[in-house]
Amino acid sequence: MTSGVHAAPNQVYLDDMTWTEARDAVRSGATTVIVPVGGTEQSGPHMALGKHNVRVHVLAGQIAEKLGNTLVAPVVAYVPEGIIGSHSGHMRFTGTISIPADAFTAVLSGAARSLKQHGFLDVVFVGDHGGYQSLLQQTADRLNREWTGSKTRAHYVADYYRAADNGFSQALRAKGFTSAQIGAHAGLADTSLMLAVDPNLVRMDKLSGFSTPESVTGISGDPKASSAVIGKIGTELIIESSVRAIQEAVDRRR
């Protein structure tokens with residue numbers, strides 16, 4: 001990987017720990033846990049279906065490393081992507097996987113309750129995809145009502161996605177890129193973020209030559225000028241904004 005953005009050391013990922021290592025980490029003060037939410041969806045002919053999952057895994061690890069005393073739960077890869085059986089939105093394209101909203105929030109709630117049981121005091125939801133952000137907020141609010149009187153709190157950190165979406169787009173416009181290039185999905189911004197995190201998920205030979213509409217390609221924007229250097233602007237915004245927001249949320253709980 002050439003961009004300098006990399007997965008954090010294994011010690012922050014629950015997936016890579018034994019149960020005794022996780023127990024000892026919590027006992028030693030690692031009582032904040034990030035629940036990263038991705039999604040399995042099309043991102044044009046040039047970007048792999050697992051874009052959101054890989055990106056949120058790596059960036060959540062970087063956020064946890066900077067925060068200290070923070071672990072990262074496994075990525076939630078199955079999310080609402082549209083109505084199954086319909087041919088609208090991302091469900092028009094092969095490989096996209098969708099689940100109902102109630103199943104999604106049930107998974108989030110079950111994961112959060114499990115983490116609370118094991119001693120985590122701050123359960124943080126961050127999401128790499130725009131479609132379910134309101135569901136993350138609703139789930140955190142519901143858990144906090146349930147946990148009234150407890151030391152544990154759930155936090156929905158909107159700053160992660162705001163930085164990836166609005167903040168990054170503004171930074172790119174300031175550098176002279178147009179909205180038509182930046183795009184809303186699989187364009188310059190989205191593709192550059194992926195190149196900064198894991199270029200193996202981008203087919204560089206397919207970045208140009210798309211003259212057909214979004215309804216055919218799944219692309220909104222123009223990925224031709226994408227690069228890891230551009231993407232690193234976005235990853236730094238995401239990490240810095242998220243670290244600051246999580247620190248503030250944890251401080252409020254205390």
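1. A salt bridge is counted here wherever a side-chain nitrogen of Lys or Arg lies within 4 Å of a carboxyl oxygen of Asp or Glu, and by this rule the count comes to ten salt bridges. The model above is a predicted one, and the points that follow should be read with that in mind.

2. One of these salt bridges joins Lys-51 to Glu-41, with 3.9 Å between the closest N and O atoms. Because the rule asks for a separation within 4 Å, this pair is included at 3.9 Å. Lys-51 belongs to helix α2, whereas Glu-41 sits in the loop between β1 and α2, so that the pair, ten residues apart, links distant parts of the chain.

3. The sheet is open and is built from four strands in the order β2-β1-β3-β4, with parallel pairing. Its edge strands are β2, residues 70-72, and β4, residues 153-156, each of which pairs on one side only. From one strand to the next the twist averages 25°.

4. Within this sheet, strand β1 (residues 32-37) runs parallel to strand β3 (residues 122-127), and the two are paired over six bridges. To place the register, a reader may start from Thr-32, whose bridge partner in β3 is Asp-122. Asp-122 in turn has Arg-153 as its bridge partner in β4, and may therefore be followed from one pairing to the other when the strands are inspected. As a reminder for that inspection, side chains in a regular strand alternate between the two faces of the sheet.

5. The pairing of β3 with β4 is also parallel and rests on four bridges. Between these two strands the chain passes through helix α4, residues 133-146, and the resulting β-α-β crossover is right-handed.

6. Turning to empty space, a probe the size of a water molecule, rolled over the atoms, shows where it is left. The largest pocket has a volume of about 270 Å³. It is lined by 20 residues, of which Arg-55, Tyr-161, Asp-165, Ala-184 and Asp-190 are the closest to its centre. By class, the lining of this largest pocket comprises six nonpolar, eight polar and six charged residues.

7. Which helices each supply at least two residues of the lining of the largest pocket? They are α2 (51-67), α5 (159-174) and α7 (188-197), and among the contributors α5 gives the most, with four residues.

8. The second largest pocket has a volume of about 210 Å³. Its lining includes Leu-14, Met-17, Thr-18 and Trp-19, together with Leu-115, His-118 and Phe-120. Helix α1 (residues 19-27) provides the largest share of this lining, namely five residues. By class, the residues lining the second largest pocket are seven nonpolar, two polar and two charged.

9. Two backbone positions deserve a look. Asn-69, in the loop between α2 and β2, has a phi near 50°, which is a positive value in a residue other than glycine. Ala-186, likewise not a glycine, has a positive phi of about 65°, and is placed in the loop between α6 (179-182) and α7.

How values were computed:
Residues numbered from 1 in each chain as written. Predicted model: local features only at pLDDT ≥ 70, side-chain atom pairs only at ≥ 80, totals over all residues. Heavy atoms only, no water. Pairing = 2+ DSSP bridges. Axes fitted to C-alpha atoms, helices over the stretch in contact; angles between N-to-C directions. 1 Å grid on protein atoms, 1.4 Å probe; cavity = no way out; pocket = protein on both sides within 12 Å on 5 of 7 lines; lining within 4 Å. Points joined across faces, edges and corners; volume = space filled by probe spheres on them. Nonpolar A, V, L, I, M, F, W, Y, C, P; charged D, E, K, R; others polar. Right-handed = clockwise from strand over helix to strand, strands pointing away.
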